[in-house]
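Student: Please take a close look at one part of this model, namely the packing of its last helix. Once that part is clear, I should like to see it set against the rest of the chain.

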Amino acid sequence: MTTQPTPKKGISEISPYVGGKSKADGAVRVIKLSSNENPWGPSPKAVAAYSAESTHMHRYPDGGHTALREAIARVQNLPVSQLICGAGSDELIGMLVHAYAGAGDEVLYTQHGFLMYKIYTLSNGATPITAPEKNLHTDVDALLAAVTPRTKIVFVANPNNPTGTVIPFSEIRRLRTGLREDIILGLDAAYAEYLDQPDYEDGISLVKENTNTIVFHTFSKIYGLPALRLGWAFAPAHIIDVMNRVRSPFNVNSPALAAGVAAMEDQAYVKDMRAKNAVELKRVVGAVTKLGYTVVPSTTNFILVKFGADVPKMNAHLASHGLIVREVAGYGLPDYLRISIGTTEENSILIDALNHFAKANVA
Ligand SMILES: *Cc1c(COP(=O)(O)O)cnc(C)c1O
């Protein structure tokens, strides 16, 4: 009989998160369209701020993230005291679950919700519960129907990843109204900056009106800084206080903090990125649709495309052209591939490869 240390309950059930691939065998040039990154990269001002920090590496970072919280507060018009920063919004999501959900508690999210919700739930010994989606969209009625006396947190990414779909803010509001007051609603706004329709809201107003809602933002997507691991959240003071109790004191490093300030202050760059992405999104959607494939309506920097039985062949074909996209079977979507929107040139290569596949496969 062997005895070995055993992890806590729930840990063994975790399937480790697998990020987007970044290699294609044999390809001369690799175009990574698998992680919803900003293909144009960050603001040059963020890069300069990052470099300038290199002379201070022997000093601990500011554990209170003061300059960054002040920059976010200024630009987003929010109170500094209700902001918290993390090493990616992932870390903040993890801190929230760690602080509020444990054994016997339930954390609820949608059928094709972001995988980190499940991973953090299991790692804290809590039980993940999913609610069905309707036509790949968050279904508020299904979420409300799945609430039990054990529910502690409900996560909704709006827009969601990997579906790319968004639901009207009136629906998010209806969800909040339908939830008990002791349930936290975590609104994940990772792609919020890509939207500019007037009826979209990331949920900031719900945080202000309630005592139980938190909104997460990231510097990993439109801001183009995923390598630095940087995110922020806005929540009622009592939730911020609780999260700060479980936060590592120096969870965000100095170069990331400095780059974050510069990136946040360069909203002209964000606007430019939003416009560029909108043009390219439309072009790629047009090309894919023309080939007869169904594209799930997206307001983000990625699309979910139904290739059905062609998924393995298409994936291999794109890889042979150096194009790395994301398989989403792990999200319960085996008939689809998720494709991030690249630069203009990258998208042209993608479109050519798709056309080539279509021609080669005409019976
Ligand atoms: C990318 C993404 C995040 C952010 O991840 P970081 O940890 O900030 O890099 C959060 N939620 C969703 C839905 C995402 O797609």
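**Helix H12 and its surroundings**

Tutor: In this predicted model, helix H10 meets helix H12 through Glu-280, Arg-283, Val-284, Ala-287 and Val-288 on the H10 side, and through Thr-344, Asn-347, Ser-348, Leu-350, Ile-351 and Leu-354 on the H12 side. By class, this contact of H10 with H12 comprises six nonpolar, three polar and two charged residues. As for geometry, H10 covers residues 267-290, and its axis comes within 10 Å of that of H12, with a crossing angle of roughly 5 degrees. An angle under 35 degrees counts as roughly parallel, so H10 is roughly parallel to H12.

The spacing on the H10 side can be read against a general rule. An α-helix has 3.6 residues a turn, so residues three or four places apart point the same way. With that in mind, one may look again at Glu-280, Arg-283, Val-284, Ala-287 and Val-288 of H10, which are the residues that meet H12.

H12 also packs against a second helix. Helix H11 spans residues 311-320 and H12 spans residues 344-360; their axes come within 10 Å and cross at roughly 130 degrees. H11 and H12 are therefore oblique to each other, and their crossing is right-handed. In this pair, Lys-313, Met-314, His-317 and Leu-318 of H11 meet Leu-350, Ala-353, Leu-354, His-356 and Phe-357 of H12. Six of the residues in the contact of H11 with H12 are nonpolar, two are polar and one is charged. Leu-350 and Leu-354 of H12 thus take part in the contact with H10 as well as in that with H11.

Leu-350 also provides a reference point for a strand. Lys-306 belongs to strand E10, which runs over residues 302-306. Between the C-alpha atoms of Lys-306 and Leu-350 the distance is 16 Å, while along the sequence the two residues are 44 apart. Once residues up to four places away in sequence are set aside, Lys-306 touches Tyr-293, Thr-294, Asp-335 and Tyr-336. Even with these contacts, Lys-306 is partly exposed, at a relative accessible area of 38%.

Elsewhere in the chain, another pair of helices may be set beside the H11 and H12 pair. The axes of helix H3 (residues 88-100) and helix H4 (residues 115-123) come within 9 Å and cross at roughly 40 degrees. H3 and H4 are therefore oblique to each other, and this crossing too is right-handed. H3 contributes Asp-90, Glu-91, Ile-93, Gly-94 and Val-97 to the contact, and H4 contributes Met-116, Tyr-117, Tyr-120 and Thr-121. The classes present in the contact of H3 with H4 are five nonpolar, two polar and two charged residues.

Helix H2, at residues 66-76, shows burial along a helix: Leu-68, Arg-69, Ala-71, Ile-72 and Ala-73 are buried there. The cover over these buried residues includes strand E2 (83-86), strand E8 (231-234) and helix H9 (254-265). After H2 comes Asn-77, which has a positive phi near 60 degrees.

Two further buried residues deserve attention. Ala-192 sits in the loop between strand E6 (184-188) and H7, where it is buried with a relative accessible area of 9%. Apart from neighbours within four places in sequence, Ala-192 contacts Pro-159, Tyr-200, Asp-202 and His-217. Its C-alpha atom is separated by 8.0 Å from that of Thr-300, which is 108 residues away along the chain. Within H7 itself, at residues 204-209, lies Ser-205. Ser-205 has a relative accessible area of 17%; the cut-off for a buried residue is under 20%, and Ser-205 is therefore buried. Again leaving out neighbours within four places in sequence, Ser-205 is in contact with Phe-169 and Arg-173.

These local views belong to a protein with 12 helices and 13 strands. Its radius of gyration is 21 Å, close to the 21 Å expected from the globule rule for 363 residues, so the protein is as compact as a globular protein of that length. The C-alpha trace spans about 60 × 60 × 50 Å along its principal axes. Of the 363 residues, 54% are buried. Among contacts between residues at least 6 apart in sequence, 75% join residues at least 24 apart.

Technical notes
Residues numbered from 1 in each chain as written. Predicted model: local features only at pLDDT ≥ 70, side-chain atom pairs only at ≥ 80, totals over all residues. Heavy atoms only, no water. Axes fitted to C-alpha atoms, helices over the stretch in contact; angles between N-to-C directions. Helix = DSSP H or I, 4+ residues; strand = E, 2+ residues; numbered from the N terminus. Parallel < 35°, antiparallel > 145°, perpendicular 65-115°, else oblique. Left-handed = near helix turned anticlockwise from the far one by under 90°. Contact = heavy atoms within 4.5 Å. Nonpolar A, V, L, I, M, F, W, Y, C, P; charged D, E, K, R; others polar. Rg over C-alpha atoms; globule rule 2.2 N^0.38 Å. Buried < 20%, exposed > 50% of the residue type's maximum accessible area, 1.4 Å probe, protein only.
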